[in-house]
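Dear colleague,

Please find below the sequence and structure that I am handing over to you. My notes on the findings follow directly after it.

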Amino acid sequence: MAKTTQRPWSSVPRPLCWLLAACLLLQLGWRLAQQHSPAQPQPLPAAPPAAVARLASLGEPLAMAKAMLLYLQSFEDQPGVSLPWRQLDYNRLASWLETAQTLDPRSQYALVAASEVYAGVADPQRARRMLAFVAASFAADPDRRWPAMAQAALVAKHQLHDLPLALSYARQLRQLATGPQVPSWVREMEAFILQDMDQLDSARLVIGGLIASGQISDPHELAFLARRLDELAKQIAAKKAKMPP
């Protein structure tokens, strides 16, 4: 068996040696620059379509949904940098939440994250994007998803100061969330927001409709609504008294 002979370094062409040395120096310089340069936040990637995520779950869509939501939860803490929510692409964020919810439609996790966490960002446009996601999801299963929709109405009213939007969400709650497990106050939100908007006649009609429809059966709630009707009647009369003849 022939022995392998190694050529001495002196036989390597000098230009090739200089090239090798330059490559080593460039590699070392790049490594040092990576260590000392500030970390750059990475943008949120596009969410996988639900069909692709379901296929990748290998028959465990619920586990995949939880993994996706945990990924979102930890995405803001990247190596060497913390990414504020207001820097996230909220359209992509909504797509991730929608895919996770499609994989696990009975879970409230995605809706809670949208209405109570991501909607709290100090950016009205991003907050509205989360509320729109909640509203679209609510319509598909209102008797189970009413908590997130009620929170969306409160965010619209108190954070965004958008009473028309809050009224729209409250009206959908009254019309769609009609199951026995839905608390009475959820269906009463519309009347209270109408009163805040000084639409007293409309508020009185909504409360009267709730009483007449039989949706409110608790005696204490009925007594409370009756008192609100009396208060509204007095406010309406006082308002009309101030109007010029």
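**Salt bridges, core and helix packing**

D196 is partly exposed, with a relative accessible area of 44%. Please bear in mind that this is a predicted model. The partner of D196 is K157, and their side chains form a salt bridge with an N to O distance of 2.6 Å. Because K157 belongs to helix α7 and D196 to helix α9 (residues 184-196), the pair ties together parts that are 39 residues apart in sequence. K157 is likewise partly exposed, at a relative accessible area of 23%.

In total, the count comes to 7 salt bridges. Another of them joins D162 and R128, whose side chains meet at 2.8 Å, N to O. This pair also links distant parts of the chain: D162 sits in the loop between α7 and α8 (163-176), R128 sits in helix α6, and the two are 34 residues apart. D162 has a relative accessible area of 17%, and it therefore falls under the 20% limit for a buried residue. R128, by contrast, is partly exposed, with a value of 36%.

A further salt bridge is formed by R144 and D141, with 3.2 Å between the closest N and O atoms. Both residues are partly exposed: R144 has a relative accessible area of 25%, and D141 has one of 21%. In addition, R171, R174 and E190 are joined into one network by salt bridges that share partners.

I turn next to the nonpolar interior. The largest nonpolar core contains 61 residues, and those touching the most other members are L97, M130, L131, Y169 and L173. Helix α7 supplies the largest share of this core, namely 8 residues. Leaving aside residues up to four places away in sequence, L131 is in contact with A119, A152, V155, A156, L160, L165 and Y169. Y169 thus appears twice in these notes, as a contact of L131 and among the core members that touch the most others.

Finally, a word on helix α5, which spans residues 109-117. Its buried residues are A110, L111, A113, A114 and S115. These buried residues pack against four helices, α3 (61-75), α4 (90-103), α6 (124-140) and α7 (142-159). Helix α7 therefore recurs throughout: as a packing partner of α5, as the source of the largest share of the core, and as the helix that holds K157.

With kind regards

Note on methods: Residues numbered from 1 in each chain as written. Predicted model: local features only at pLDDT ≥ 70, side-chain atom pairs only at ≥ 80, totals over all residues. Heavy atoms only, no water. Buried < 20%, exposed > 50% of the residue type's maximum accessible area, 1.4 Å probe, protein only. Contact = heavy atoms within 4.5 Å. Core = buried A, V, L, I, M, F, W, Y, C linked by side-chain atoms within 4.5 Å. Salt bridge = Lys/Arg side-chain N within 4 Å of Asp/Glu carboxyl O.
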